[in-house]
Amino acid sequence: FYHNRNDLTSHIENDEKVTLGFAQVGNESAWRSANTESIIKAAEQENVDLQLINANNNQEKQIAIIRDFIKQGVDVIAFSPMVENGWDEVLQEAKDAGIPVILCDREIKVQDDSLWTSFIGSDFVEEGRRAAQWVVDHKESNTETVNIIELEGTKSSAPATDRKQGFKEVSEHHPNLHIIDSLSGDFTLGKGKEMMEKALQQFGSEIDIVYSHNDDMAIGAIEAIEEYGLQPGFDIKIISIDATNKAFKALSAGKLNFTVECNPLLGPQIMQAAKELKNGTEIPMKIITSEETFTQEEAKKEIKKRNY
Ligand code: AHR
């Protein structure tokens with residue numbers, strides 16, 4: 001994964017304070033709040049001059065924020081891309097200005113991969129595989145149909161695309177697992193609840209499992225299932241991704257069945273990368289965080305340690 005990016009870093013002099021422009025994607029989830037806090041805290045600790053601006057889940061706004069950072073001539077730009085496509089032009093402008101770009105937690109699809117310097121985040125496909133593996137391990141038989149509702153994250157975003165793919169890779173080898181509907185809940189609790197209400201109206205108690213691309217939508221689904229008069233975690237099993245404190249609470253209460261960890265605490269790694277880029281040090285093109293999974297029993301033991 002190492003890549004020579006010295007052409008992008010040679011303009012930076014040693015021993016100056018790093019100026020980092022961070023275009024945060026939004027405020028959609030507990031995961032995102034923890035991610036933003038981690039970035040702000042790490043910048044303070046590492047004495048990085050951070051400018052963090054929130055794009056409120058609007059790609060045009062995120063592009064405008066990046067353009068503004070380029071105009072200001074920050075040392076390094078980092079951003080959490082809302083969706084995978086549509087970044088070629090603005091990142092070419094950053095490259096032309098000699099500013100290295102760090103992708104925070106979400107990857108992108110561009111014609112030329114030299115437009116970004118490093119990706120720091122999770123393997124979302126693997127997260128989807130792990131979620132599906134739980135379903136495979138807990139289904140009662142190989143013949144009885146298991147009806148699954150998938151609550152997807154933001155359309156065309158890397159976590160939504162990859163978590164869908166990972167889940168499919170594993171589940172397609174088990175013909176009795178059926179995704180009966182995939183609904184976009186945009187990674188928010190409110191939309192997750194709304195989509196689950198829709199699914200319940202259509203399929204009712206035929207639903208066996210909800211696979212949610214994040215914890216917030218799973219919490220929304222729990223509320224919808226309770227209001228419908230069924231027991232989440234028992235009548236309908238729920239698995240999600242992120243492993244935030246609210247998921248641990250739901251797991252401990254028996255309302256959620258499994259969560260796959262996605263680590264939002266990327267601040268220290270981003271600051272380190274920004275400093276190294278400023279000093280002209282070559283950094284890995286991909287820095288992947290290692291993550292765990294949590295059952296109800298494991299969540300009960302770990303809940304006190306999970307402070308986001
Ligand atoms: O990109 C990471 C995803 O974005 C998290 O899983 C989700 O909660 C967030 O909004």
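**Exercise 1. Work out how α2 crosses α10 in this predicted model, and which residues make the contact.**

Step 1: start with the handedness. Looking at the pair, you'll find that α2 goes past α10 in a right-handed crossing.

Step 2: get the geometry. α2 covers residues 30-45 and α10 covers residues 267-278; the helices pack at an angle of about 50°, and their axes are 7 Å apart. That angle makes α2 oblique to α10.

Step 3: pick out the residues. On the α2 side you have Ser38, Ile39, Lys41, Ala42 and Ala43, and they meet Gly267, Pro268, Ile270 and Met271 of α10. Sort them by class and you get 6 nonpolar, 2 polar and 1 charged.

**Exercise 2. Do the same for α8 and α9: what are the angle and the axis distance, and which way does the crossing turn?**

Step 1: α8 (residues 215-228) packs on α9 (residues 245-252) at about 40°, with 9 Å between their axes. Angles under 35 degrees would count as roughly parallel, but α8 and α9 come out oblique to each other.

Step 2: this time the crossing of α8 past α9 is left-handed.

Step 3: from α8, the contact takes in Asp215, Ala218, Ile219 and Ile222; from α9, Lys246, Ala247 and Ala250. The class count is 5 nonpolar, no polar and 2 charged residues.

**Exercise 3. Trace the open sheet of 6 strands, and find the strands at its edges.**

Step 1: read off the order, which is β2-β1-β3-β4-β5-β11, with parallel pairing.

Step 2: go to the ends. β2 (49-54) and β11 (286-288) are the edge strands; each has a single partner, so one side of each has no neighbour in the sheet. From one strand to the next, the twist averages 15°.

Step 3: zoom in on one pair. β1 (residues 19-24) and β3 (residues 76-79) pair in the parallel sense over 4 bridges. In one of them, leucine 20 is partnered by valine 76 in β3.

Step 4: put a helix back on. α2 lies across β1 and β2, and runs at about 160° to β2.

**Exercise 4. List what surrounds the ligand, and say which elements give two or more residues to the shell.**

Step 1: collect the residues around the ligand: Glu28, Ser29, Trp31, Arg32, Asp105, Arg106, Pro159, Phe187, Asn214, Ile241, Asp242 and Cys262.

Step 2: assign them to elements. Those giving two or more residues are α2 and β9 (237-242).

Step 3: sort by class. The shell has 5 nonpolar, 2 polar and 5 charged residues.

Definitions and conventions: Residues are numbered from 1 along each chain as its sequence is written. This is a predicted model: local features need pLDDT of at least 70, side-chain atom pairs count only at pLDDT 80 or more; totals for chains, interfaces and linings use all residues. Axes are lines fitted to C-alpha atoms, for helices over the stretch in contact, and angles run from 0 to 180 degrees between N-to-C directions. Angles under 35 degrees count as roughly parallel, over 145 as roughly antiparallel, 65 to 115 as roughly perpendicular and the rest as oblique. A crossing is left-handed if the near helix is turned anticlockwise from the far one by less than a right angle, and right-handed if clockwise. Two residues are in contact if their C-beta atoms, placed from the backbone, lie within 7 Å. Ala, Val, Leu, Ile, Met, Phe, Trp, Tyr, Cys and Pro count as nonpolar, Asp, Glu, Lys and Arg as charged, and the others, Gly among them, as polar. A residue is near a molecule or strand if its C-beta atom, placed from the backbone, lies within 6 Å of it. Two strands pair if DSSP finds at least two bridges between them.
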